[in-house]
Amino acid sequence: MPTILDWLGQPLPRALDGCSLVPWLRGDTPEPWRQGVMLEFDLRRIKGGTPLGLQPDEGGAACWRGAGAAYTHFAALPPLGYDLQTDPQELTNTGARPEAAAALLSHRIAHAERTLTGYEAGPGGLSHL
């Protein structure tokens, strides 16, 4: 969506995740450009049970993958983490280290629910900035 809006010359909403890729078309790198990718998924199935013996609410996971590290945090399974610089084939799990979750957690906090982006709470209630 950011690319299409930018291509059409329309303003980008403040609460928008992502950035326009139009600069790539001009030979430039968009700023700011991402340092990795985050994704969330859910292993639950409506029919047929949940894989791995998990309860329905235990099937969620969040992943961060950057140039140097990959980390996956599961709701009810041990985390997976890999140092992609020293272990590019992802053979040694470093997910149990507390610092392994730092990039995922930082990204998640920075990109949390943005429904109220552009608003300010004050004595008069909620107002748009």
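Strand S2, residues 60–66, is largely enclosed by the rest of the structure, because five of its seven residues are buried. Please keep in mind that this is a predicted model. From S2 we can walk outwards to the sheet, then to a helix that packs on it, and finally to two acidic residues in a loop.

**S2 and its partner strands**

- On one side, S2 pairs with strand S1 (residues 36–42): the two run antiparallel and are joined by seven bridges.
- One of the facing pairs here is aspartate 42 with glycine 60 of S2.
- S2 also pairs with strand S3 (residues 69–74), again in antiparallel fashion, through five bridges.
- Two facing pairs can be picked out along S2 and S3: alanine 62 stands opposite histidine 73, and cysteine 63 has threonine 72 as its bridge partner.
- The connection between S2 and S3 is a hairpin of two residues.

**The sheet as a whole**

- Four strands make up an open sheet in the order S1-S2-S3-S4, and their pairing is antiparallel.
- S1 and S4 are the edge strands; each has a single partner strand, so one side of each lacks a neighbour in the sheet.
- On average, neighbouring strands of this sheet are turned by 10 degrees against each other, if direction is ignored.
- Helix H3 packs on the sheet, where it touches S1, S2 and S3. The direction of H3 makes about 105 degrees with that of S2.
- As a general reminder, strands of a sheet pair through backbone hydrogen bonds, in either a parallel or an antiparallel way.

**A salt bridge from S2 to a loop**

- How many salt bridges does the model have? The count comes to one.
- The partners are arginine 65 and glutamate 90, whose closest N and O atoms are 2.6 Å apart.
- This pair links distant parts of the chain, as arginine 65 belongs to strand S2 and glutamate 90 to the loop between S4 and H3, 25 residues apart.
- Are the two partners buried or exposed? Arginine 65 is partly exposed, because its relative accessible area is 41%, and glutamate 90 is also partly exposed, at 26%.

**Glutamate 90 and its backbone**

- Glutamate 90 sits in the loop that runs between strand S4 (80–83) and helix H3 (102–110).
- What is the phi of glutamate 90? The value is positive, about 55 degrees, although this residue is not a glycine.
- For context, most residues other than glycine have a negative phi.

**Aspartate 87, a buried acid in that loop**

- Aspartate 87 is also found in the loop between S4 and H3.
- Which side chain of opposite charge is nearest to aspartate 87? That is arginine 97, 8.8 Å away, and aspartate 87 is buried yet has no salt bridge.
- A polar atom of the aspartate 87 side chain does lie 2.6 Å from the backbone nitrogen of threonine 92.
- Leaving aside residues up to four places away in sequence, aspartate 87 touches Tyr82 and Thr92.
- Side by side, the two acids of this loop make a handy pair to look at: aspartate 87 is buried and has no salt bridge, whereas glutamate 90 forms a salt bridge with arginine 65 and is partly exposed.

How values were computed
Residues numbered from 1 in each chain as written. Predicted model: local features only at pLDDT ≥ 70, side-chain atom pairs only at ≥ 80, totals over all residues. Heavy atoms only, no water. Buried < 20%, exposed > 50% of the residue type's maximum accessible area, 1.4 Å probe, protein only. Pairing = 2+ DSSP bridges. Axes fitted to C-alpha atoms, helices over the stretch in contact; angles between N-to-C directions. Contact = heavy atoms within 4.5 Å. Lys, Arg positive; Asp, Glu negative; His and termini not counted. Salt bridge = Lys/Arg side-chain N within 4 Å of Asp/Glu carboxyl O. Polar contact = N/O pair within 3.5 Å; in protein donor to acceptor, adjacent residues only side chain to side chain.
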